[in-house]
Amino acid sequence: MTKPPRDRLVPTKVAALAAGVSEATIRKWVSRGKITRYGSPGRSEFDIDELTEIALRRRH
């Protein structure tokens, strides 16, 4: 999987807000393979498009 463009990556806090969940839930989703984590150790980043898709599915 290729890394998304830099302008689509957001930190954990923003990812949680975008998905409507807690930061702990974002971390759980990563460990379960539900979402892809990008970034370096100590700096997790997530694709805002992937998060938006998940948030929309959760509402239906």
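**Reading a predicted model by its definitions**

Student: What makes up the exposed surface of the protein?

Tutor: The protein exposes about 4,100 Å², of which carbon and sulfur atoms supply 52%; the areas come from the Shrake-Rupley method with a 1.4 Å probe, and for residues only the protein chains shown count as cover. The model is predicted: local features need pLDDT of at least 70, side-chain atom pairs count only at pLDDT 80 or more, and totals for chains, interfaces and linings use all residues. Residues are numbered from 1 along each chain as its sequence is written, and side-chain values use heavy atoms, with hydrogens and water left out.

Student: Which order do the elements of the protein follow?

Tutor: From the N terminus on, they run β-α-α-β-β-α. Helices (H or I, at least four residues) and strands (E, at least two) are DSSP runs, numbered from the N terminus.

Student: Why is the protein called as compact as a globular protein of that length?

Tutor: Its radius of gyration is 11 Å, close to the 10 Å that the globule rule gives for 60 residues, so the description holds. The radius is taken over C-alpha atoms, and the rule is 2.2 Å times the number of residues to the power 0.38.

Student: Which residues of helix 3 are called buried?

Tutor: In helix 3 (residues 48–58) they are Leu51, Ile54 and Ala55; buried means under 20% relative accessible area (1.4 Å probe, protein chains only).

Student: How do you know that the buried residues line one face of helix 3?

Tutor: Seen down the helix axis, they fall within an arc of 100°, so they line one face. The arc is that of the directions from the helix axis to the C-beta atoms.

How values were computed. Buried < 20%, exposed > 50% of the residue type's maximum accessible area, 1.4 Å probe, protein only.
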